[in-house]
Each structure stands twice: as C-alpha cells, then as structure tokens.
Amino acid sequence: MQTLRITHYGEPILTQKGEAIEQFDDNLRNLADQMLHTMYEANGIGLAAQQIDQAKRMCVVDVLFEDGPPSFNYKLDGRVPPADLFMPMALVNPEIKSFGEKTEPYEEGCLSFPDIRGDVIRPTEIVVEYQDLDGAPHSLECDGILARCIQHEIDHLDGVLFIDRMDHKTLGTIKTVVKKLKKQTLKKMSSEK
Ligand SMILES: [Zn+2]
C-alpha cells in the first residue's frame, strides 16, 4: 500500500475547499484505503483529502485507538451498532447538520502541523450527514472524541485549520513554532520547483 505525502501548513491546498465527490467507484475506494494507510502510518486518528494534496470532500476517521468499549456515544442511522462495524470510517461529502449547545476545550493535534498542539473549543455533540464509499447516505449523532475528530476533519474540507479556531491566548503560546513550520514548508516548496 502506498503511503501518501502529508501536506504541511504553508501549502495552499490546506486553505482550499474540497469539491463534492460524485463518482463512487474503485478509484474512490482506493483513495480512501491509501488515506487510511497513510493516517495509521502517521499515528493519526483522522485525515482529510487536503492533507494528501487533493481538494475533495472526503475524510477518514478511526478513533478506536484504545482497547475496551468506546469512550463516546453515538447513533448511526438511529441505531447503535458495535463501533468496530463502521470504524474506520470514510465520510464522503459530509455536512454537520446540527451542533449541541455545550462546548468544551480539548487539546488537538494535526498531521499537517507536526508536534504542534493546542486547545480548541468546540461543541461536544454533533449530527453529521455523509455518504459512504458506495454513495449511500447516513446520519451519525455522536459526542466525545468522535465528534471532536469529525469537526476537525470537516473543517479541513472547508479549508479551515485548527489554528483558525484557537483563541488568542492559545495561539500566542504556539505562534513561534507555527511560523517556523510555515517558513520550512515554503522553503521546501521553492526548492522542489
Ligand atoms: Zn488536521
């Protein structure tokens, strides 16, 4: 399986909106497989198409990294199937339909920002509608790490990054390393031209 190159902060693709996916074929399935493989290799729990240099509306998620029962609540199409039946997930053309009222901070990381972490305040519960790799529509209600991860990944599909969601205080503590990363990325991009 091919490991794809993960794009880093400073590359313009990361601020691009993804195009809706219309073809549900083997190419899409292969892309999802490669994205999952790349995500696991990098020890991530989510990866969006922009992070492998494609402006498409698809992300992959697997938050079952701990043994034991899942730490989050969920309802998939009104039912509660075992989480490992639908995880890992590929969410195609996902849209968040509603957010819960409660919000909380949580320290997030991002594969496009190696070794950089910071608190992001987000709603704790969401309802997301998406299509699977066969194009079938689903509705997922969830909270905890699953809701957190899906919100982070869907932001990527809209060209929004976790630093855009941080408050000034948090951003202040990581500003220097973020700037350094951008500089490195731009330097690398110009040397590859
Ligand atoms: Zn990310």
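Helices (H or I, at least four residues) and strands (E, at least two) are taken here as DSSP runs, numbered from the N terminus, and the expected span of a helix is 1.5 Å times one less than its number of residues. The structure is a predicted model, in which local features need pLDDT of at least 70 and side-chain atom pairs count only at pLDDT 80 or more, while totals for chains, interfaces and linings use all residues. Residues are numbered from 1 along each chain as its sequence is written.

The chain has four helices and eight strands, in the order α-β-β-β-α-β-β-β-β-β-α-α from the N terminus. Its radius of gyration is 16 Å, close to the 16 Å that the globule rule gives for 193 residues, so the chain is as compact as a globular protein of that length. (The radius is taken over C-alpha atoms, and the rule is 2.2 Å times the number of residues to the power 0.38.) The C-alpha trace spans about 50 × 40 × 30 Å along its principal axes. Of the 193 residues, 28% are buried; a residue counts as buried if 20 or more other C-beta atoms lie within 10 Å of its own, exposed if 12 or fewer, and partly exposed in between, with C-beta atoms placed from the backbone.

Now for helix 1. With 16 residues at 1.5 Å each, helix 1 should span 22 Å, and its end C-alpha atoms are indeed 22 Å apart. Leu31, Ala32, Met35, Thr38 and Met39 are its buried residues. Seen down the helix axis, they fall within an arc of 130 degrees (taken from the directions from the axis to the C-beta atoms), so they line one face of helix 1. The face turned away from that side carries the exposed residues Asp26, Asn30 and Glu41. On the buried side, helix 1 packs against strand 1, strand 2 and strand 4, a contact being two C-beta atoms, placed from the backbone, within 7 Å. Just after helix 1, Asn43 takes a positive phi of about 60 degrees.

The strands come next, two of them being paired if DSSP finds at least two bridges between them. Strand 1 and strand 2 run antiparallel and share three bridges, with Leu47 opposite Val60. Strand 2 is also joined to strand 4, antiparallel again, by four bridges, and here Val61 stands opposite Met89. Met58 and Val60 point one way from strand 2 and Cys59 and Val61 the other, yet all are buried. Strand 7 handles its two faces otherwise: Ile126, Val128 and Tyr130 point to one face and are buried, whereas Glu125, Val127, Glu129 and Gln131 point to the other and are not. Five bridges join strand 7 to strand 4, antiparallel, with Val92 partnered by Gln131. Seven bridges link strand 7 to the antiparallel strand 8, where Cys142 faces Ile126. These two strands form a hairpin with five residues between them, and Gly135 in the turn has a positive phi of about 90 degrees.

Much of this meets in the largest nonpolar core, which has 37 residues, with Cys59, Val60, Val61, Leu91 and Ile150 making the most contacts inside it. Helix 1, strands 1, 2, 4, 7 and 8, and helix 3 (144-157) each supply at least two of its residues, and helix 3 gives the largest share, six. (Such a core is a set of buried Ala, Val, Leu, Ile, Met, Phe, Trp, Tyr and Cys residues joined through C-beta atoms within 7 Å.) Leaving aside residues up to four places away in sequence, Val61 touches Ile45, Gly46, Pro88, Met89, Leu91, Cys149, Ile150 and Glu153.
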